[in-house]
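Good morning, everyone, and thank you for making room for me in the meeting. Please have the model open in front of you while I talk, and stop me whenever a term is unclear.

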Amino acid sequence: MEKHLRICSFNPRSVTNKILSLCDYVLTNHFDIVALTETWLGSTVDKTYISELVPTCYVMKHIPRRGRKGGGVALIYKSAILLRLITSSNDGNFTHFEHMDCHLE
C-alpha cells in the first residue's frame with residue numbers, strides 16, 4: 001500500500017484578507033498539510049478569522065509572533081492526521097522568528 005502526503009507552503013503576508021481563497025485552494029487541491037508563514041494572526045479578534053480559514057475536516061496549529069505585529073506560523077492539516085507539537089517559538093527559545101516542530105504519529 002502506497003502512502004503519500006500532499007503538502008503545500010504559503011507566505012500569505014496576512015491571511016485575514018485571503019481566507020476564502022486559501023480555504024478554497026486547500027480543499028480544491030486536497031492538501032493533507034499546509035504550512036503558513038507570516039499569518040499575522042494573534043489577537044483575540046483573530047479567532048474568528050481562524051475558524052473561517054480552517055476547512056471542515058481540518059485542524060490548525062498556530063504560533064503567533066509575540067510582542068510585535070506580523071509574523072506567525074501555522075499548520076493546517078486533515079484531522080485524520082495525528083500530529084504532535086514538539087517545540088515552538090512560544091517555548092522562548094527564539095526571539096527573532098517563529099518556529100514549530102511537529103511529529104507525525
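I will go from the whole chain to the sheet, then to a helix, and finish with some backbone angles and the cysteines.

Please keep in mind throughout that what we are looking at is a predicted model. The protein chain contains two helices and six strands, and if you follow the elements from the N terminus, they come in the order β-α-β-α-β-β-β-β. The chain has 105 residues, and 37% of them count as buried. The area that the chain exposes is about 6800 Å², and 54% of that is supplied by carbon and sulfur atoms. If we take the contacts between residues at least 6 apart in sequence, 57% of them join residues that are at least 24 apart.

Let me turn to the sheet. Four strands form an open sheet, in which the order is 1-2-4-3 and the pairing is mixed. Strand 1 and strand 3 are the edge strands, since each of them pairs on one side only. From one strand to the next, the twist averages 15°. Strand 1 pairs with strand 2 in the parallel sense, over four bridges, and if you would like a residue to look for, F10 has L36 in strand 2 as its bridge partner. Helix 1 packs on this sheet, where it touches strand 1, strand 2 and strand 3, and its direction makes about 160° with that of strand 1.

Now, which residues of helix 1 are buried? Helix 1 spans residues 19-28, and its buried residues are I19, L22, C23 and V26. These residues lie on the same side of helix 1 because they cover an arc of only 95° around the axis. The general background is that an α-helix has 3.6 residues a turn, so residues three or four places apart point the same way. The buried residues of helix 1 are covered by parts of the chain that include strand 1 (7-10), strand 2 (33-37), helix 2 (46-53) and strand 3 (58-63). On the face turned away from that buried side, helix 1 carries the exposed residues L20 and S21.

Next come the backbone angles, and here it helps to know that most residues other than glycine have a negative phi. Just after helix 1, H30 takes a positive phi of about 55°. E38, which is not a glycine, also has a positive phi, of about 55°, and this residue sits in the loop between strand 2 and helix 2. With a relative accessibility of 27%, E38 counts as partly exposed. In the loop between helix 2 and strand 3 we find C57, whose phi is positive and near 75° although C57 is not a glycine either.

That brings me to the cysteines. Is C57 buried or exposed? At 56% relative accessibility, C57 counts as exposed. C8, by contrast, is buried, with a relative accessible area of 12%, and C23, which we met in helix 1, is buried with a relative accessible area of 14%. How many disulfides does a search of the whole structure find? A disulfide is a covalent bond between the sulfur atoms of two cysteines, and the search of the whole structure finds zero of them.

Note on methods
Residues numbered from 1 in each chain as written. Predicted model: local features only at pLDDT ≥ 70, side-chain atom pairs only at ≥ 80, totals over all residues. Heavy atoms only, no water. Buried < 20%, exposed > 50% of the residue type's maximum accessible area, 1.4 Å probe, protein only. Arc of directions from axis to C-beta. Contact = heavy atoms within 4.5 Å. Disulfide = S-S within 2.5 Å. Areas by Shrake-Rupley, 256 points an atom, 1.4 Å probe, with all protein chains shown as cover. Pairing = 2+ DSSP bridges. Axes fitted to C-alpha atoms, helices over the stretch in contact; angles between N-to-C directions.
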